[in-house]
Amino acid sequence: MKKIILSLVLFIISFSSMAQKPEFLQTMGETLGQFSTCKNVADFQALGNKFQMIANVENAEWLPLYYQSYCYIIMSFIEQTDAAKKDSYLDVAEKSLTKLIEMAPAEADVFALQALYLTGRLVVNPMERGQEYSGLSGQAVGKALALDASNPRAKLIKLQGDMGAAPYMGLDPKSFCPQAKELLANWDNFKPKSPIHPAWGKDQVEGIVKGCQ
Amino acid sequence: MTQEQGESLPGANVYLQRTYDGTSANENGQFILKTKKTGPFDLHIEFMGYEPAVQKIDLKGDTIRINVQMKEAFNQLTAVTITAGTFEAGDKKQAVTITPLDMVTTAGAKGDVYGALQSLPGTTTNGESGRLFVKGGDSEESQTYIDGSLVYVPYNSTAPNLSTRGRFNPFMFKGTIFSTGGYSAEYGQALSSVLLLNTNDLPAEDQFDLSVMSIGVEVAGTKLWKNGAVTGSVTYNNLAPYMNLTTQNYNWIHAPESAKGAVSVKQKTGKTGMFKLYSSFNKDAFTINQENLEPGGSPFDYHLANNNYFMNASWNGHLSEKWAMNSAASFTNNRDDIRFDQTMIGKKIVGTHVKNVFNYLFTEKFSLKFGGELFAKTFAQNVRMPAETHDNSFSNNTLAGFTEAQIYASSKFVTRIGARVEYSDYLRSFKLSPRLSAAYKVTNNSQFSLAYGWFYQNPVDDYLLYTNQLNQERADHYTFSYQSLVNNRTLRIEIYYKYYKNLVKTNGGEFYLPTSYSNLGSGYAKGLDLFWRDNKTIKNGDYWISYSYLDTKRDYRNFPEEAIPTFASKHNLSVVYKHWLNGLRSLAGVNFKYSSPRVYNNPNSPVFNSEQMLPYKSLDLSWSFLYRKNIIIYGAVTNVFGFKNEFGRRYASNTDAGGNYPSAAIEPSSNRFYVVACFITLTRKGEANQLDKIE
């Protein structure tokens, strides 16, 4: 009962704080809409800049910073060759994540993003960083799932990590296909708290499931 | 929008403060910001790696043209670093030259820290020693530090002319700094080089490790608690089964056998602090049958038993935003008991090192480091022979203080200037050593650096046993280096000159008389070191090539005149290649090493150190197979082609009937060395458990 009251109170607080900022919701919505048009590093940087700008104005909201960090992590994955650049994008993401963890320590999506960031660090140099960062990324996923066992993005990152490590463990990556199918089937059961809360990831699972066939 | 040199900054973020109105600069660094707002505003311009710029503008509804020049932000991580003489490997750095993983996977290193370092330029491989010989320096001139404190006895004890290896497992360390000259004022009592090993931070989870090797077994367990962990390990090595299967050049009566127990504790304290404690006890013994070269002599057994206790503790962290502190202490108790022929020798070293370093950050660009340390050491030796007995010992306390300022003029230019004072109470001598180094970044990816300094070290124990009428030995270093790092390809070229003075010389008098020793020795070393590492060009492949040219001569110890020392070889080449074979889940390694002939002394020849050894050649292979994520199977062979290696000859101390000193070749203990090993790691909350959480 206490829990219900608490979450109700939290809901009202968050709802009211957002309700006071129609401009915030509108700008966030518009900016989020631009994800679909981003193709290269420059596009994501411009979008990340926009989120940074919103974060500067709304310094009590964690979502703008979340998306800014997400953009820079994507940039490191898109950058093909320059390892130093990859790391410099991740440096920006790391700075925002440190703030995010302080701002929203109870958000599963924050830790799921941290796990993605750590995977990014690993990808820069798997030979040297593999062991350390796969462990750290696993820990972050564990934290995310402890906060919310139903968070589909945490499950997705875990799945991607497992499939990536499968060849090194003498396993067939396809042995994870049933899990991927289940994750996709249940994806829409998870309802984001608001239209501007994280909702990405479904197309990635679809991609994995497609690869299974 | 441009940076200082006028280059454009595409992607910079431009916005009006406290509004949602903003944009990003295009690929030419230009931007157009449209807004409906009017009145005075702060226009913010931000870009990664640059200091944010703010421009006051007054919006009146018409177009405003502005030009913004941004200043590069100072960031220690990307700023120039002093690399003269230093090989550094950290966990997050791109400029990785050699990592702990390399120590394990470099073929020919045999999992030995020092073996792996011998694939770097500036080192000379001495197969009859196995120790580090750096830039024309003797092995005693190099010191090893773990987490900031000195390791008095870093190598295992061996018989004369047999190769040794380091006491520590390379898996213990997360980072290495190998400085081959010109190092910081923080380090003293080393004429040639310092090796700084930093142990791992907190492990990720509880685990149990089992290593089964052809030469022994190791069991280790790790238990975590909140912000802390303890690891305990037990190791037993016995070379007897291995030596019975392969051909040995020596006759082992009792193959090397050792047992070791170690405990390590790690605890985070506060937000930034980390406390580490490591303690180990090692027991080691072997007996080897040696040919007696003396005329009329018969073979005898050489027996050695070693007991080594080592402990070190360290704390480092921030005291406040500006103050950081490192404290470290170590304790060593090492005892060798040697028996051969009718002689018994006991050697005991008890050493303590205590050190404290403070670092104060005045600004991002200016920091000051200062601290003090104490090296206390007692060395005792008893020699029992049928006709004579010698019991000798000495105790020395060296007290040192140092300070060093690090000044960045910009992110392109840094200088480090420092000084160190040392006082030895046994030698009653006081020394001041200045140190200076600087680096200048020419382009984003390349830089020059130089280092200069005076370095002092107490004479070796064998002399201090009999006299305190000696001064500290001295080496002056001049190092100049160029380094470029482009896209995972590292090139480094270094030239250096070292001048030695006050080296200890013996004058042929009785060894136990103080008058037999003087500081009249001197010498020099100069050379060129090249290093090239590339893990980009070949997909899944990584290789490095190092080459060293060394020209050195010295007049020290029992040298009758200035001569090339036995440990120096003019040309040293090392090529290391590693390839990850995805389909086979294996890392394969090949390593080739060549050292040009070294000299040795033949007492039958009138010219000192005039004989030449064979060149050293070895081609080594290693294979690591990842059977499961937690099971690794490893195999290695050194000197696959069986090149004949010989490390000079040893001579009898008396002549035979013909007036010659009889001799025998010094060979490696075997022409090839094979290792087969299996490493298993078990974690309690393994994969299965984490999957459960998701379902």
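Good morning. I begin with a pair of helices in chain A: helix H6, residues 108–124, and helix H8, residues 152–165, pack at an angle of about 20°, with their axes 9 Å apart. Because of that angle, H6(A) is roughly parallel to H8(A). Their crossing is left-handed. On the side of H6(A), the contact is made by A:Ala108, A:Asp109, A:Ala112, A:Ala115, A:Leu116 and A:Thr119, while H8(A) brings A:Arg153, A:Ala154, A:Ile157 and A:Gly161. Sorted by class, the residues of this contact are 6 nonpolar, 2 polar and 2 charged.

I should state at once that what we are viewing is a predicted model. I shall therefore return to the matter of confidence after two further helix pairs.

The second pair again involves H6(A). Its partner here is helix H4 of chain A, residues 63–78; the two axes come within 10 Å and cross at roughly 20°. Which orientation do H4(A) and H6(A) have, parallel or antiparallel? An angle under 35 degrees counts as roughly parallel, and therefore H4(A) and H6(A) are described as roughly parallel to each other. The crossing of H4(A) and H6(A) is left-handed. From H4(A), the residues that take part are A:Tyr66, A:Ser69, A:Tyr70, A:Ile73, A:Ser76 and A:Phe77, and they meet A:Val110, A:Leu113, A:Leu116, A:Tyr117, A:Gly120 and A:Val123 of H6(A). In this contact 9 residues are nonpolar and 3 are polar, with no charged residue.

The third pair joins H4(A) to H5(A). Their axes come within 8 Å and cross at roughly 160°. H4(A) and H5(A) are therefore roughly antiparallel to each other. The crossing of H4(A) and H5(A) is left-handed. Among the residues making this contact are A:Leu65, A:Tyr72 and A:Met75 of H4(A), together with A:Tyr89, A:Val92 and A:Leu97 of H5(A). The class count here is 11 nonpolar, 4 polar and 2 charged residues.

Let us now turn to the contact between the two chains. How many residues does each chain give to it? Chain A gives 34 residues and chain B gives 27 residues. On the side of chain A, at least two residues come from each of helices H2 (22–33), H3 (41–57), H5 (83–103), H7 (126–147) and H8. The largest share belongs to H3(A), with 9 residues. By class, the side of chain A that touches chain B holds 15 nonpolar, 11 polar and 8 charged residues.

Chain B itself is divided, by its domain assignment, into domain 1 (2–70) and domain 2 (86–683). The centres of these two domains of chain B, taken over C-alpha atoms, are separated by 55 Å.

Finally, I come to confidence. For the complex, the predictor gives an ipTM of 0.71 and a pTM of 0.84. Chain A has an average pLDDT of 85, and 90% of its residues score at least 70. Where in chain A is confidence lowest, and where is it highest? It is lowest in helix H1, residues 2–19, at a mean of 47, and highest in H4(A), at 94. Over residues 6–19 of chain A, pLDDT stays under 50, and the model has 2 contacts beyond four places in sequence for this stretch.

For chain B, the average pLDDT is 89, and 95% of the residues score at least 70. In residues 686–695 of chain B, pLDDT stays under 50, and the model shows 8 contacts beyond four places in sequence there.

To close, I recall H4(A): roughly parallel to H6(A), roughly antiparallel to H5(A), and the site of highest confidence in chain A. Thank you for your attention.

Key: Residues numbered from 1 in each chain as written. Chains lettered and ligands numbered in written order. Predicted model: local features only at pLDDT ≥ 70, side-chain atom pairs only at ≥ 80, totals over all residues. Axes fitted to C-alpha atoms, helices over the stretch in contact; angles between N-to-C directions. Helix = DSSP H or I, 4+ residues; strand = E, 2+ residues; numbered from the N terminus. Parallel < 35°, antiparallel > 145°, perpendicular 65-115°, else oblique. Left-handed = near helix turned anticlockwise from the far one by under 90°. Contact = placed C-beta atoms within 7 Å. Nonpolar A, V, L, I, M, F, W, Y, C, P; charged D, E, K, R; others polar. Domains from an automatic or database assignment. pLDDT = per-residue confidence, 0-100.
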